[in-house]
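Please have the sequence and the 3D view open side by side. The paragraphs below go through two sheets, some of the helices beside them, and two single residues.

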Amino acid sequence: MEVAMTKMMKTTKKTKLVLLIAVPVMVVVILQQFWLPSLNFNRLWRTVSQHVGSTNDSHRNDDEFINGLLPPGFDQKSCLSRYQLNLYRKPSPYIPSSPLLSKLRRYEALHRRCGPNSPSFRRALAGLTSPTNSTSLPEDCKYAVVLTRDGLGNRILAIISAFFYALMSDRVFLIDRGNALDDLFCEPFLGSSWILPSDFPLRREFGAFRQSFPGSFGNILRNGMLKKTIEDSPASYLYLHLSHDASDYDKLFYCDRQQNLLKKVPWLIMETNNYLVPGIFLGSFFREELNKLFPAKDTVFHHLGRYLFHPTNGVWGLISRSYKPYLARAKEMLGIQIRNFGSESGSFQDQMNQLLACTQKKKLLPDVEQSSPEKSNSTASQTVKVVLVTSLSSEYSETLKEMYWEHGGVDGEVVAVYQPSHEGIQSSNKKMHNRKALAEMYLLSLSDVLVTSDWSTFGYVAQGLAGVKPWMLYKAEDKVFPPLNEWLKYRTRNETGDWPCRRAVSMEPCLHVPPVCDCYEMKRRDGGNELPFVTHCEDASWGLKLVNEFN
């Protein structure tokens, strides 16, 4: 009898423990499902995780495959971030669709069958060096090679864009890594590389590829060579120039008729520094499938970024060594990203005033406590808010740090300010500079709330990975800002519009160079008014971005 009672008591204790763990988690999931906007789910999840983790570490956020987004089978030690990043961030409220998961699994099979070192790949290379062999290529082995340029943010947007296009057009995606992308990302596909081999036959021609290249797709269209080059006898490859200086003819790439022609070309070499996805959504060529893959249109970067990008162990070391001692203790984390555009950004004091006005007007940071030291030192209701600052300059974080060290926040809130690095100048061709930049993008993506700079691709990447709509700081138009006390006078949107910052309508990046001509008569078009899920960008009125049409 005593033995039975003892077993029953042990079972009861285990049941209570399971309930203590399961109920808070279920509450979070239910609240996320019903989208109660007044709750801070990041903060709520961290609170639950801390209590759960103190009871049983095995019950932390351990969905290492991100709701099926990632495939199993990778060597964990070779890419720690793939399996450990989920321990630092809350579960995403955005669930990938079943059609997207199926599409990714099919793509992975295609990449293994046609990727580098496969027999199909060797036959495809033979078609490049001997165009007469191109007609014998396997029907399902076509390729999209991306050439990236400019800063790391631009390069990441280019990679996502090219992968998105390859996914939709059933092509194998490869990147010309170069020095700027060396040792930043793990291989994303099991069993085959995404890196273009160093002996690729066209590599010596890459230096000549630019907007004026005579053989570019845009110039072929401009010069009336379409029939000879593609329709009658498809070329073995085509160069697509889709960077910031792309011509209107280059941007006919987004049109249905041109997409139908490009299907015939085995190799497409794409150069871009932009986020092309909104432009691809404008056409109807892929739209039926896109509607199934992305029922929430503003989740493209979020899902594909989390799927594709996994920092190497060297970069992961930078991330974890910042997160554990400086950021893990936060009840709430505010990420601030400041991009300085030189003389166009105004003075440091102008920018600092704008930042303070934004964070205080929007209640992102507490007002400073001006009362007695005894009140500001009270620990009765202290919480810790960590502010992560990323900038090439240390002035912004030092100013915030000094302000909250001297006075503290009202209601006893403790504000801790941390900045991982301040490089001074952008050095996109230096390996360590890029490793630090990538680490800081990922640290920003762990934030509950983000404040970013207009036009910044660095900020675009962080907000997309985070799944957060940031507060965006206006870029100075005439290099003049009002004094801080003038900013703070106005507490309502009706008085000042959205100044000094406004909330982004979605977490998607902006396409800064969208198609502006229609596909038939080259007449001007306004892509921001054609579809309910494509609109103009907050920070570039001429640009385009994806939004959730059901919001």
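In strand S7, the residue that forms a bridge with Lys385 is Val415. Before going further, note that this is a predicted model, in which local features need pLDDT of at least 70 and side-chain atom pairs count only at pLDDT 80 or more, while totals for chains, interfaces and linings use all residues. Residues are numbered from 1 along each chain as its sequence is written, and side-chain values use heavy atoms, with hydrogens and water left out.

Some terms come first. Helices (H or I, at least four residues) and strands (E, at least two) are DSSP runs, numbered from the N terminus. Two strands pair if DSSP finds at least two bridges between them.

The bridge at Lys385 belongs to a pairing of strand S6 (residues 384-390) with S7, which runs in the parallel sense over five bridges. These strands are part of an open sheet of six strands, in the order S7-S6-S5-S8-S9-S10, with mixed pairing. Its edge strands are S7 (414-418) and S10 (501-503), each of which pairs on one side only. Neighbouring strands of this sheet are turned by 20° against each other on average, direction ignored. Such angles run from 0 to 180 degrees between N-to-C directions, and the axes are lines fitted to C-alpha atoms, for helices over the stretch in contact. Helix H14 (residues 348-361) lies across S5 (332-337), S8 (449-453), S9 (471-473) and S10, and runs at about 160° to S9. Contact here means heavy atoms within 4.5 Å.

Now turn to the other sheet. Four strands form an open sheet in the order S2-S1-S4-S3, and the pairing is parallel. The edge strands are S2 and S3 (237-241), each pairing on one side only. Neighbouring strands of this sheet are turned by 20° against each other on average, direction ignored.

Strand S1 (residues 143-148) pairs with S2 in the parallel sense over four bridges, and with strand S4 (residues 267-272) in the parallel sense over six bridges. Val145 can be followed in both pairings: its bridge partner in S2 is Leu174, and its bridge partner in S4 is Ile269.

Which faces of strand S2 are covered? Both faces of S2 (residues 172-175) are covered, with Val172 and Leu174 buried on one side and Phe173 and Ile175 buried on the other. Buried means under 20% relative accessible area, exposed over 50%, and partly exposed in between (1.4 Å probe, protein chains only).

Helix H6 (residues 152-169) joins with S1 and S2 in a right-handed β-α-β unit. A crossover is right-handed if, with the strands pointing away from the viewer, the path from the first strand over the helix to the second runs clockwise. H6 lies across S1, S2 and S4, at about 170° to S1.

Helix H4 (residues 98-114) has 17 residues, which should span 24 Å at 1.5 Å a residue, and its end C-alpha atoms are 24 Å apart, so the two values agree. The expected span is 1.5 Å times one less than the number of residues in the helix. The buried residues of H4 include Leu100, Leu104, Tyr107 and Cys114. Among the elements that the buried residues of H4 pack against are helix H5 (119-129), S1, H6 and S2.

Next comes helix H18 (residues 457-466), which is mostly covered: ten of its ten residues are buried. At its N-terminal end, Ser456 acts as a cap, with a side-chain oxygen 3.4 Å from the backbone nitrogen of Phe458. Just after H18, Gly467 takes a positive phi of about 75°.

Thr457 lies in H18. Is Thr457 buried or exposed? Thr457 is buried, because its relative accessible area is 14%. Thr457 and Leu152 are 305 residues apart in sequence, yet 8.3 Å apart in space, C-alpha to C-alpha. Leaving aside neighbours within four places in sequence, Thr457 is in contact with Gly153, Asn154 and Leu157. A polar atom of the Thr457 side chain lies 3.4 Å from the backbone nitrogen of Asn154. A polar contact is a pair of N or O atoms within 3.5 Å; within protein, one must be able to donate a hydrogen and the other to accept it, and residues adjacent in sequence count only if both atoms are side-chain atoms.

The last residue is Asn548, in the segment after strand S12 (544-546). Asn548 is buried, because its relative accessible area is 17%. Apart from neighbours within four places in sequence, Asn548 is in contact with Ala296 and Asp298.
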